[in-house]
Amino acid sequence: MWTIAWKELKSYFGSPMAYIIGAVFLALTGYFFVQSISGSFAEASIRGWLLPSTFVFVLWSPVITMRLFAEEQKLGTLELLLTAPLRDWEVVLGKFLASLGMLIGTLSLTVFYVMLLFWFGQPDGGPLLTGYLGLLLYGAATLAVGLLASSLTGNQIVASVVSFGALLLLTLTDQAAQATTGLSAQVLQELSLTSHFTDFARGILDTNNLMYYVTFTAFILFLTVRTLESRRWR
Amino acid sequence: MIEAQGLTKFFGDFLAINDVNFTVHRGEIVGFLGPNGSGKTTTMRILTGYLSPTSGAAKIAGFDVQTQSLDARKHIGYLPETVPLYTEMTVEDYLAYMGRIRSMDSRRLKRRMDEVIDIVRIGDYRNTHIGKLSKGYRQRVGLAQAVLHEPEVLILDEPTIGIDPIQVVETRHLIRSLGQDHTVILSTHILPEVSAVCQRVLIIHEGEVVAEDTPTNLAERLQGTERIELEVLGPAKEVVSALRAVPGVADVRRQGDGATANHVYLVECRRGADLREQLAKTIVQHGWGLLKLGSVSMSLEEVFLQLTARGEGDK
Ligand SMILES: Nc1ncnc2c1ncn2[C@@H]1O[C@H](COP(=O)(O)OP(=O)(O)OP(=O)(O)O)[C@@H](O)[C@H]1O
Ligand SMILES: [Mg+2]
């Protein structure tokens, strides 16, 4: 598992993709950051910056995860991986950990913004930490979706488009929830990736929300394992 | 070492292999011989755990490939049909990775890497990116990967495909030497290959094992029905009847339209007899001109047809 994770991380850094997409990530979040702190009533917090940043994941995660399984299928190396003495979940988890590593790496670059905040003001530590925890959980969930899409096809482009579409839907359900009322609104609200994020941004650590992201990610990864397994029965 | 019992695999409605049974003993080299689409790859994929059979079971080194999959897989070195390589990795990195996912410790891995690189002779390309290697060299890297962890069982799907003739000889030699301390299954659709490498052959046709024998016995069985092609200058009818009279001849057919004085005849011989000398004598005794004489080897397809036909006849 760690072997796979390590190999995937290394190949991220061996390809220009990681740098390009990392730069795009920083550029976009940087832009949102500047937006959130400029203006006359700006406060020293990352609250205004967090929510728009989650949208960046909708773009970022599909690109990071698209090759993880799709490429193995195209190269035929999946046949080796699935006949090596490894459990299917170890393969999936290894790949997921590698993408998580990329997420943590990229997020740690944004700590620069936080340092700016400390330089110019006195931000509250609590919301900062929960904010970052929220981003991490949110990002992990989107990576899982990307991984599932990648396991479904041998084509990286298809994989990224599918996961982009799925993530877009999962974030848009929040808007849909606000447009509707009653039970359907509540269901949509529960399903939405974004609605569970807002508390984190406010500095509130709710186990409900925490459980939502953990369960969501675990469930999608489980589906990925089943997708791999189902190949044997084709 | 390898046991397959009643392996059957459907892809949807399509029956890819049907009730395949065989046993391979320790240290044996067994060849799967069959035309395209006969189910060789499917059988091997079931043995390696990449596919699950629709019914039937297989054991590798005593472990069931489905219920004790991980234990079974530990004992297998596998070279799939499409050589699975990470093109952006160097040969060394690739082998190191393959060793690590099979949980080899680093000292043993290092020693084995040097050994296998030596065995398949890719020393000059250790640090080359696999994407830049020629097909034959990639095949060798694939082979290196399969033997890296010293598995007891080697499953090689068309190991000599895409390799130049000189290398093919070398690779066969290599496989033979591997057979001394491994149990090997390899697939091929090249008839001479099995005789060069294998101790036993399973002939697969349309998903069924139609024959199982040693290459020598098999060759004999096939030789019995060898055909001889003759080009003779002489009167067609008489030539045919004279050839028919030669003992051991099963059938004579004239080919072509007969517009010229010389004709080509196809002589089917009965089992076990080499009639070339007899036929030549007959022609010469009649004072006809013998322009050409040679045996026509059967195509693989014909071999299968014959074996299938005989198999049905035996029942
Ligand atoms: N994943 C699959 N889905 C559907 N049909 C398949 C699949 N894999 C193989 N088949 C079919 O099963 C049959 C046997 O295929 P297999 O690959 O085992 O043949 P083979 O003996 O290895 O042939 P070749 O010499 O061409 O490699 C073929 O007719 C093939 O079309
Ligand atoms: Mg094949």
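# A guided tour of chains A and B

A:Glu71 and A:Arg67 make a suitable starting selection: both belong to helix α3 of chain A, where 4 residues, about one turn of the helix, separate them. Display their side chains, and a salt bridge appears between A:Glu71 and A:Arg67, with the closest N and O atoms 3.4 Å apart. The model is a predicted one, and over all chains it holds 24 salt bridges.

**The interface of chain A and chain B**

Next, select the residues of each chain that touch the other. Chain A brings 22 residues to the contact and chain B brings 30 residues. About 2500 Å² is buried between the two chains, and carbon and sulfur atoms give 60% of this area. On the side of chain A, colour A:Glu79, A:Leu80 and A:Pro85: these residues lose the most area to chain B, and together they account for 28% of what that side buries.

Keep A:Glu79 selected and add B:Arg45. Their side chains form a salt bridge, at 3.0 Å from N to O. The count of salt bridges between chain A and chain B is 1. Polar contacts across this interface amount to 9 residue pairs, both residues of each being at pLDDT 80 or more. To see which helices of chain A take part, select α1 (2-14), α3 (47-75) and α4 (77-83); each supplies at least two residues of the side that touches chain B. The largest share of that side, 7 residues, comes from α4(A).

**Two domains in chain B**

Hide chain A and colour chain B by its domain assignment, which gives domain 1 as residues 2-219 and domain 2 as residues 225-295. The centres of the two domains, taken over C-alpha atoms, are separated by 45 Å.

**A sheet with the order β2-β1-β4-β5**

Select these strands of chain B to show an open sheet of 4 strands, in the order β2-β1-β4-β5 and with antiparallel pairing. Strands β2 (14-24) and β5 (63-64) are at its edges, each pairing on one side only. Strand β1 (residues 2-11) runs antiparallel to β2(B), to which 7 bridges join it. For a single residue pair, pick B:Phe10, which stands opposite B:Leu15 in β2(B). Then add helix α1 (residues 40-48) of chain B, which packs on the sheet and touches β1, β2 and β4 (55-60); the direction of the helix makes about 60 degrees with that of β2(B).

**A sheet with the order β12-β13-β11-β14**

Now move to another open sheet of chain B, with 4 strands in the order β12-β13-β11-β14 and antiparallel pairing. Why is one side of β12 (249-255) and of β14 (289-296) left without a neighbour in the sheet? Both strands stand at the edges and have a single partner strand each, so no strand of the sheet lies on the other side. On average, neighbouring strands of this sheet are turned by 20 degrees against each other, direction ignored.

Zoom in on β12(B) and strand β13 (residues 262-269), which run antiparallel and are joined by 6 bridges. B:Gln255 has B:Val264 in β13(B) as its bridge partner.

Finish by showing two helices of chain B. Helix α9 (residues 236-245) lies across β11 (227-233), β12 and β13, and runs at about 160 degrees to β12(B). Helix α10 (residues 276-285) lies across β11, β12, β13 and β14, and runs at about 165 degrees to β14(B).

Methods: Residues numbered from 1 in each chain as written. Chains lettered and ligands numbered in written order. Predicted model: local features only at pLDDT ≥ 70, side-chain atom pairs only at ≥ 80, totals over all residues. Heavy atoms only, no water. Pairing = 2+ DSSP bridges. Contact = heavy atoms within 4.5 Å. Axes fitted to C-alpha atoms, helices over the stretch in contact; angles between N-to-C directions. Domains from an automatic or database assignment. Buried area = accessible area lost by both parts, 1.4 Å probe. Salt bridge = Lys/Arg side-chain N within 4 Å of Asp/Glu carboxyl O. Polar contact = N/O pair within 3.5 Å; in protein donor to acceptor, adjacent residues only side chain to side chain.
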